[in-house]
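Reader: I am new to this structure and would be grateful for a close look at a single part of it. Could you start from one pair of side chains and then explain, step by step, what surrounds it?

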Amino acid sequence: MTLKRLEINGFKSFGRKAVLLFDAPITAVVGPNGSGKSNVAEAFRWVLGEQSLKSLRGKKGEDLIFNGSSSLGRLSRASVSVTFDNSKRAFAGIDFDEVNITREVFRDGTNEYSINNSKVRLKDILALLAGISLGSSGHHIICLLYTSPSPRDSWASRMTSSAWNKNKTKTYT
């Protein structure tokens, strides 16, 4: 079971639909301050069933919905979908190659949940995720790195060099 895709639409700072594809074993979300990096992590936790609005930096469900900007109007709902590869049938009882979990919140605070486009309860999503030991706090966000550019560049260089050195093959002539 691997994460394939995260779709964010109207959640916090995402006024337009954003699709993040996870087609590499290591994925990084990078950007300047205020670009929405934390909102990506919060969207992931929220779609997996996070109920604490405080931990999502909000006070009510409406705080999770894009509130408009100078170029985009305010939205009436927010939705986040996460898609997992289920070709190895890690999700018990789901006989599809992909499992798509979606959560929507509306301005009146109501939430709707679905698994592969079938309406379900939050309880059903939590039970499904518990079966694979995953939940709003059971995922792994390895590192949020806040540094000045030069140490960050050095760190990234060391990490990519280390990974490259592990994977290269030596040839002798």
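Author: In this predicted model, Phe-84 and Phe-91 are both buried. They bring us to the aromatic pairs, of which the structure holds 2. In one of them, the ring centres of Phe-11 and Trp-46 lie 5.3 Å apart and the ring planes meet at 35 degrees, so this pair is classed as tilted. Phe-11 belongs to the loop between strand S1 (2-9) and strand S2 (18-21), whereas Trp-46 is part of helix H1 (residues 37-47); the pair therefore ties together parts that are 35 residues apart in sequence. Phe-11 and Trp-46 are both buried. For Phe-84 and Phe-91, the centres are 5.6 Å apart and the planes stand at 50 degrees, so this pair, too, is tilted.

The loop that holds Phe-11 deserves a further remark. Lys-12 is also located in the loop between S1 and S2. Its phi is positive, about 55 degrees, although Lys-12 is not a glycine. Most residues other than glycine have a negative phi. With a relative accessibility of 12%, Lys-12 counts as buried, because the limit for that class is under 20%.

From Phe-84 one may pass to Ile-101. Leaving aside residues up to four places away in sequence, Ile-101 touches Phe-84 as well as Val-47, Val-80, Ser-81, Val-82, Ser-114, Ile-115, Ile-125, Leu-128 and Leu-129. Ile-101 also has a prominent place in the largest nonpolar core: among the 33 residues of this core, Leu-6, Ile-8 and Ile-101 touch the most other members. S1, S2, H1, strand S3 (77-85), S4, S5 and H2 each give two or more residues to this core. H1 provides the largest share, 5 residues. In soluble globular proteins, nonpolar side chains tend to be buried together.

The strands just named belong to an open sheet. Its 6 strands follow the order S2-S1-S3-S4-S5-S6 and pair in the antiparallel sense. S2 and S6 are the edge strands, each pairing on one side only. On average, neighbouring strands are turned by 20 degrees against each other, direction ignored. H1 packs on this sheet and touches S1, S2, S3, S4 and S5, while its direction makes about 80 degrees with that of S3. Between S3 and S4 the antiparallel pairing extends over 9 bridges. Ser-81, one of the residues touched by Ile-101, stands opposite Thr-102 in S4.

Helix H2 (residues 122-130) completes the surroundings of Ile-101. H2 lies across S4, S5 and S6 and runs at about 45 degrees to S5. Its buried residues are Leu-122, Ile-125, Leu-128 and Leu-129. They span an arc of only 125 degrees around the axis, which places them on the same side of H2. The face of H2 turned away from this buried side carries the exposed residues Lys-123, Ala-127 and Ala-130. The buried residues of H2 pack against H1, strand S4 (98-106), S5 and S6.

Ahead of H2 in the chain there is a counterpart to Lys-12. Asn-117, in the loop between strand S5 (111-115) and strand S6 (118-120), has a positive phi of about 65 degrees, although it is not a glycine. At 73% relative accessibility, Asn-117 counts as exposed, whereas Lys-12 counts as buried.

Note on methods
Residues are numbered from 1 along each chain as its sequence is written. This is a predicted model: local features need pLDDT of at least 70, side-chain atom pairs count only at pLDDT 80 or more; totals for chains, interfaces and linings use all residues. Side-chain values use heavy atoms; hydrogens and water are left out. Rings of Phe, Tyr and Trp (its six-membered ring) pair if their centres lie within 6.5 Å; planes under 30 degrees apart count as stacked, over 60 as edge-to-face and the rest as tilted. Helices (H or I, at least four residues) and strands (E, at least two) are DSSP runs, numbered from the N terminus. Buried means under 20% relative accessible area, exposed over 50%, partly exposed in between (1.4 Å probe, protein chains only). The arc is that of the directions from the helix axis to the C-beta atoms. Contact means heavy atoms within 4.5 Å. A nonpolar core is a set of buried Ala, Val, Leu, Ile, Met, Phe, Trp, Tyr and Cys residues joined through side-chain atoms within 4.5 Å. Two strands pair if DSSP finds at least two bridges between them. Axes are lines fitted to C-alpha atoms, for helices over the stretch in contact, and angles run from 0 to 180 degrees between N-to-C directions.
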